[in-house]
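Work through the exercises below with the structure open beside you, and try each task before reading its solution.

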Amino acid sequence: MKKFIILLLVLCVTICFASCKNNENNYTDNNINTASGIDNNTYDTDTTVHIHSYSDATCTQPPTCSCGVTIGEALGHEISEATCLTPGMCTRCNTKFSEPLGHNWKEATCESPKICLRCDLTEGIASGHNYSSNHICTVCGQQDALYAPVKLSSLESYMTSQEYHGSFKTCDSKTDIWGTEHRDIIYVSGGFSSTTSNGMETYRLNQKYERITGKVFLSDYYKNTQYTGSVVIYGDGKVIYEIRNIGAGFETVSFDIDISNVKDLSIYINDPDFYGAAQGRCLSEVTLYPQQ
Ligand SMILES: [Zn+2]
Ligand SMILES: [Zn+2]
Ligand SMILES: [Zn+2]
Ligand SMILES: [Zn+2]
């Protein structure tokens, strides 16, 4: 029995010794000797020095030793803002600070589905237009695109006449010889050759449109030109509009032509000045109106 008690004592001492030496993560305390050279509080009776072993810092707790001594500061929470679906919370420790916001819905319109103004999530589909007999939406007032006027400058010509050497170009604006600015311009352009002062483009309309409107003008750079040019519009090969003698002093003209039976619309621009198309005889705002 006595032997057993001695054995028990030896075991206790061994365990105690082992735990005081225990230094799991090798995190040693640099401050151990700062005050007196020896940290009396942690000086073991058996003269073994207690080396602090600190846990990692958390959001709310600084690094702490099992003896209660702390070092440094707690990390503080890393708070992420609440979103429509997720609460405001600490991304490190998951502590919740606020509830999810919920979606901020804007109802569906003719052209866009119900959408959250905060996160752009959509639900369902657009409600679609509700066109009346005059092709205007009774909900939003928009015209049915199928029946909306179309700019000729936005259409692809399906044929550039090989008989002439110029081709059509477009630009946003040019000024006529009277100082008036025109928008949405079509003119003819080509290389440096006397044969490039003409161009003819053909557009396949397939009788989809009932009218074509626009303007013909001479651009300001050619106010003193000694040449005259012309613009001719053909419907399926027949002249349906022509304007000749576009030269110095030319007054800008507007046209409005019935093209309801026209399958192929051709526009010819003759624009003579030196060395090829002068870009002087121009069309502006040429607009096609669909059959209603
Ligand atoms: Zn300690
Ligand atoms: Zn936290
Ligand atoms: Zn949302
Ligand atoms: Zn609508």
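**Exercise 1.** In this predicted model, find which residues Ile267 is in contact with once its neighbours within four places in sequence are left aside.

*Solution.* Begin with the cut-off, since two residues are in contact if their C-beta atoms lie within 7 Å. With the neighbours within four places in sequence set aside, the contacts of Ile267 are Met200, Glu201 and Ile233. Next, place Ile267 in its wider setting: the largest nonpolar core has 31 residues, and Ile267 belongs to the group that touches the most other members, together with Ile186, Leu218, Ile259, Cys282 and Leu283. Finally, look at the strands that each supply at least two residues of this core, namely S10 (181-189), S12 (209-218), S13, S16 (264-270) and S17 (281-290), with S12 giving the most, 5 residues.

**Exercise 2.** Trace the open sheet of 5 strands and determine which strands are at its edges.

*Solution.* Write down the order first, which is S8-S11-S16-S13-S14 with antiparallel pairing. The edge strands are S8 (159-160) and S14 (238-246), each of which pairs on one side only. Then examine one pair in detail: strand S13 (residues 229-235) is joined to S14 in the antiparallel sense over 6 bridges, and Val232 has Glu242 in S14 as its bridge partner.

**Exercise 3.** Explain why one side of S4 and one side of S6 are left without a neighbour in the sheet.

*Solution.* The open sheet here has 3 strands in the order S4-S5-S6, paired antiparallel. Because S4 (105-106) and S6 (122-123) stand at the edges, each with a single partner strand, one side of each has no neighbour in the sheet. As a last step, follow the antiparallel pair of S5 (residues 114-116) and S6, joined by 2 bridges, where Ile115 has Thr122 in S6 as its bridge partner.

Note on methods:
Residues are numbered from 1 along each chain as its sequence is written. Chains are lettered from A and ligands numbered from 1 in the order in which they are written. This is a predicted model: local features need pLDDT of at least 70, side-chain atom pairs count only at pLDDT 80 or more; totals for chains, interfaces and linings use all residues. Two strands pair if DSSP finds at least two bridges between them. Helices (H or I, at least four residues) and strands (E, at least two) are DSSP runs, numbered from the N terminus. A nonpolar core is a set of buried Ala, Val, Leu, Ile, Met, Phe, Trp, Tyr and Cys residues joined through C-beta atoms within 7 Å. A residue is buried if 20 or more other C-beta atoms lie within 10 Å of its own, exposed if 12 or fewer, and partly exposed in between; C-beta atoms are placed from the backbone.
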